[in-house]
Every structure is written in C-alpha cells, then in structure tokens.
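Let's take a walk through this protein together, one piece at a time. Have the structure open as you read.

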Amino acid sequence: MSQVTLFISAVSNEFAEDPRRAPERVRGPGDYRTYLRDKLTGPDVSVKVQEDFIAGGVLTLDKLVLYLQECDAVIHLVGDMTGAVASDIAVESLFESEPQLSRKIPFLATPASAATLAVSYTQWEGYLAHHYGKRLLVCAAEPNAPRAGRHELVEHQRRSQDAHLARLKELERYPEIVFASREELVIEVLRTLRTVLPPAKSESLPAAPLRLPYASLGELFIGRDDFLEGIRASVARAKRVGAWPKQVVHGLGGMGKTRLVVEYAWRYRDEYTAVLLVNGESREALDRDLASLTGVFHLDVDASTPEPQRTQLALDWLKNHPGWLLVVDNVDSEDARGAVAGRLPDWSNGHVLITGRVTRWPRDVEPLDLRVLSAPDATRFLLEATEGGRSVRDDDQEQAEMLANGELGALCLALEQASAYINKLELSLAEYRKRWATNAKDVRSRADKSLMRYHEEKEVSLSVATTWQTTVDDLSVGAKAVLRMFAWLSPDGIPLAMLEHPSMAEQLDALTGEKNTDVE
C-alpha cells in the first residue's frame, strides 16, 4: 500500500476543542477536527493540521506551502468563522515565492487584492490546495451542526465565509460534502476519498469494521430494489430528525430475509461507520456474537477474557462510534425477540435491522413485511442463475415459469438451491422438475402437517424441503455423513482443520459403515 498524507483545514475555535481545556475523554460533538483525524489516521495514513507546524522563524503561509505541496488531499471545513486574517508580510512573501498564483487564482491578482478581501489563513488553505492541484474536499457545516466551545457567530465573518464559498465556486471547487455531525463527516470524507484518490492510495485508507456472512449476489439480486430503497428512505427520514431507525424484516422461512439485508449492507456499506451481522436466534447466540465483535473492532482483548466482559466492550464500542449498521439475524422465537428487544436501548446511535419470523415488536421498531418474489422476477432469476450451467432446451422459458412459480413457490431460498443443483449437474429445467416431483411425493408422505407453515396457500416448507431432498439425494455416502455431522454445529464458519483431524475419518467410518479415504 502507498503512504497517504491528508491535511485538515479548519478554524480551530469552531471545529476543534482546546485540548488544554477539554481533554480527549470529554471532547464534545463539536470537535470535528480531532474526531476526523482519529478516524482517518492509520498505519499508512498521516493526517496533518495547522497546529502541527514546527516553529522555526518561517512565516505561516510559507509553512502552509510546505505542507500542502506534500499532501495527497485537503479536507477543507467551512462554517461561520474565518479565523485569523493572514498578515501583509506573509501574503507578500507568498506572492514572491509563487509567481503563478495570480494566473491560477484570478481574484488574488496581487497582495493588495488579498488584503482587500481579508483572506484568512484557513481560506488560504483552500485556495492554495487549488493552486497546487490537490484533491480538495470542501465540507460545509449545516447551520444546526454542533460547534466547538469557542465558536462565535459574528456577522461579518459569516458573510466572509459565504463570499469564500462563492470564490471557490469560481474555481469550480464546490461543497461536495454537507455535514451535520462528526459521524456523518467521517462517512462522507472516507467515501469521497476512496473515489478521488488513485487505487493504490485509496486502499491505504482505514476500512470500516465489516462482518457479513457472504458476498453480494450482484446482478443476480433481482426483484427487491424497491424494498431496499424503502429501507434507505426510512434511514433518511430518521436522520433528518437526528435519529437512527430500528426495523424488522419479517416473513416465513425461505423468503430471502437474510439475503436481502446482506445485499442492503453491501450496497450502502460506505454510508456507515461499521457494517455488522450477529446471530439473534437466542440470547446465548446474541451475546456470543456480540462478544466476538471485539475481534472485528481490533480491540486489545485477550481471548480468555470472560464473554460478559467482551460483550460489554463491544457494546461500549457501538456506543462510542455512532453511525453503524447492525443486522440481527434469525430472530424467530419469542425468547429471541425478548433478548433483542432488551438490547435495543443500547443501540440508539446506529441503524438496527432485524430479520425473523416474529412480528410483535416495540412501537419504535418499524415492521417491514417481506413476501415472495413476483412471478416474472422469480422466472428471471432462475433463467439468469442457470445461464451457462443448465442444459438448454427450446422450452426453457415455459419450464422456468412453471418451476420458479410452481414447485419452488417463488421462494428465494428454493430458487438459489435449485439453481446451484441444476448448474452442478448441468441438467435441463425439465429434468430437474421431474426429479423434484419424484422427491415431493416422498417428502409429502413424511411431512407432519401440523408443523408445516403456509403462505398464501403455498406450502412453503414443502417447497424448500423437496428442493433440499432433491439435492441431498445426489450426494455420496461420505458427503451425507459429513452433512449430518455438521448439522449439529452452529451456523458459523467451520474450520477446515476439522476435516483434516484423524477423528473425522473415524467418525465417518462409523456413520457410513465403510472406509472413507476422502471427504467431498
């Protein structure tokens, strides 16, 4: 990775607390510069501010030149205050050392014009970043955004800042970021830097904590865009009043609830300070997964630390780093709902997105009812997911319509499983339907109707169970044995070392009644 140097340009009285009066532990929401610096700094990222200038008898503007020439990007915070106006001596020295200045910045043709405009040191930082061709991120503070303790609203300074923004526009430098909080500023700055810096540089930027169970489907994510936009619209509405939403995506098994929220997380991950998924199927699973987040957060915690302590450390991190997305998955029972509901007060400063079959939640949790895919979307998914893998027939369109919306019930889980099976064996859609029908008779004869779940007169459990049975029937004896063993484990990553352990072969021998030399 390449070393990245960033410069934060800001009026200290407005955007930074005085460290002598406000030590780090009590700095408030108006200390943007320190917060931004902390979040951007990393092993390969150096962040400079004007207070870093080393005393040495050199004029402030000349020091600025040295710093700005070396940096990759300037983050220019603009609010109500101008800061100190550059001295005449400093401006004259700058014009002498930079004869091309007036050509690149026409409204600063001479030192006299700079004096007439009363350009402050912080304003000069924006103009010089343009002069040196640096990536300049102009970040304008919302009027209601918190400010540092030394902030004063002085009318002539506010007018000067308005004029400063107008002059930047003359240079085609616009306020790309408008922020109302420190967290929003960090999110937008990181997202913008990742797009404007060269790839080798952007890869060096700190990555937000991320834990999702699988990658995005990409173009195969079909038929749910409106649902995702609805979630995002709720987030936007909540943020306008200074809050974060709590939402539950509910529906029967097989609807694709987990896949949907994971796709949402991938699509909008750059809008959050962290993107995380934890298992909410029980109180024990929830606490265990919360405790494991200490590793995702890179906290200095020993593995032997008791789980309750690690859980609390993870909750403290979430409390101190607002703006995250926390997905709580598989909340399918009343006991699990109670455990999650009990945690909601601790999760007020981020977006909580729950999935499950339970529909009864506190009033501040927005219910989002997920249904099966539309018939055209289910058909399209099946055709696109098997393209290049299935045996092509002239009646594929007709067979896909019947299979996707008949046997598979337009259920996302069944569609994914069936597509993988068809691709693996290079079957035609018609052949798969034949195999599915054979297995359906067996599954139906074994099904306990009192335990089946129904949705709009479609037998959801039967559709998924038959799809699984069709897949399992083609597994080898050893593979079936492994599957039965793994069914006893939690739905987490299974270490490959388990498959290599000598006891695994012994267990497989016992399950299959034969010598197994390999595991499929």
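**A helix tucked inside**

Let's start with helix α12: its buried residues pack against α11, β7, β8 (275-279), β9 (325-329), β10 and α18 (412-425). Keep in mind that this is a predicted model. How many of the eleven residues of α12 (residues 257-267) are buried? The count is nine, so the helix is largely enclosed by the rest of the structure. The buried ones are K257, T258, R259, L260, V261, V262, E263, Y264 and A265.

Several of those neighbours are strands, so here is a quick bit of background on sheets. Strands of a sheet pair through backbone hydrogen bonds, either parallel or antiparallel. In the sheet beside α12, six strands line up in the order β6-β8-β9-β10-β7-β11, and the sheet is open, with parallel pairing. Its edges are β6 (210-211) and β11 (365-369); each has a single partner strand, so one side of each is left without a neighbour in the sheet. Look further in and you'll find β7 (residues 246-250) running parallel to β10 (residues 351-356), with five bridges joining them. One residue pair to look for is V248 with its bridge partner I354 in β10. Helix α11 (residues 225-240) packs on this sheet, where it touches β7, β10 and β11, and its direction makes about 165° with that of β11.

Now for another sheet. This one is open too, with five strands in the order β2-β1-β3-β4-β5 and parallel pairing. Which strands stand at the edges? They are β2 (45-48) and β5 (175-179), and since each has a single partner strand, one side of each is left without a neighbour in the sheet. From one strand to the next, the twist averages 25°.

Zoom in on β1 (4-9). This strand is mostly covered, with six of its six residues buried. V4, L6 and I8 point one way from β1, while T5, F7 and S9 point the other way, and all are buried. On one hand, β1 runs parallel to β2, joined by four bridges, and L6 has V47 of β2 as its bridge partner. On the other hand, four bridges also join β1 to β3, again running parallel, and here S9 stands opposite H76 in β3. Carry on across the sheet: β3 (residues 73-78) pairs with β4 (residues 135-141) in the parallel sense over six bridges, with I75 opposite L137 in β4.

Helices lie across this sheet as well. Helix α8 (residues 155-170) lies across β3, β4 and β5, running at about 145° to β3. Helix α9 (residues 182-196) lies across β1, β3, β4 and β5, and runs at about 160° to β5.

Let's finish with a pair of helices. Two packed helices are described by the angle between their axes and the distance between the axes. For α13 (residues 283-296) and α14 (residues 307-320), the angle is about 65° and the axes are 7 Å apart. That makes α13 roughly perpendicular to α14. Their crossing is left-handed. Who makes the contact? From α13 there are, among them, L290, A291 and L293, and from α14 residues including L313, A314 and L315. By class, the contact has six nonpolar, three polar and five charged residues.

Methods:
Residues are numbered from 1 along each chain as its sequence is written. This is a predicted model: local features need pLDDT of at least 70, side-chain atom pairs count only at pLDDT 80 or more; totals for chains, interfaces and linings use all residues. Side-chain values use heavy atoms; hydrogens and water are left out. Two strands pair if DSSP finds at least two bridges between them. Helices (H or I, at least four residues) and strands (E, at least two) are DSSP runs, numbered from the N terminus. Axes are lines fitted to C-alpha atoms, for helices over the stretch in contact, and angles run from 0 to 180 degrees between N-to-C directions. Contact means heavy atoms within 4.5 Å. Angles under 35 degrees count as roughly parallel, over 145 as roughly antiparallel, 65 to 115 as roughly perpendicular and the rest as oblique. A crossing is left-handed if the near helix is turned anticlockwise from the far one by less than a right angle, and right-handed if clockwise. Ala, Val, Leu, Ile, Met, Phe, Trp, Tyr, Cys and Pro count as nonpolar, Asp, Glu, Lys and Arg as charged, and the others, Gly among them, as polar. Buried means under 20% relative accessible area, exposed over 50%, partly exposed in between (1.4 Å probe, protein chains only).
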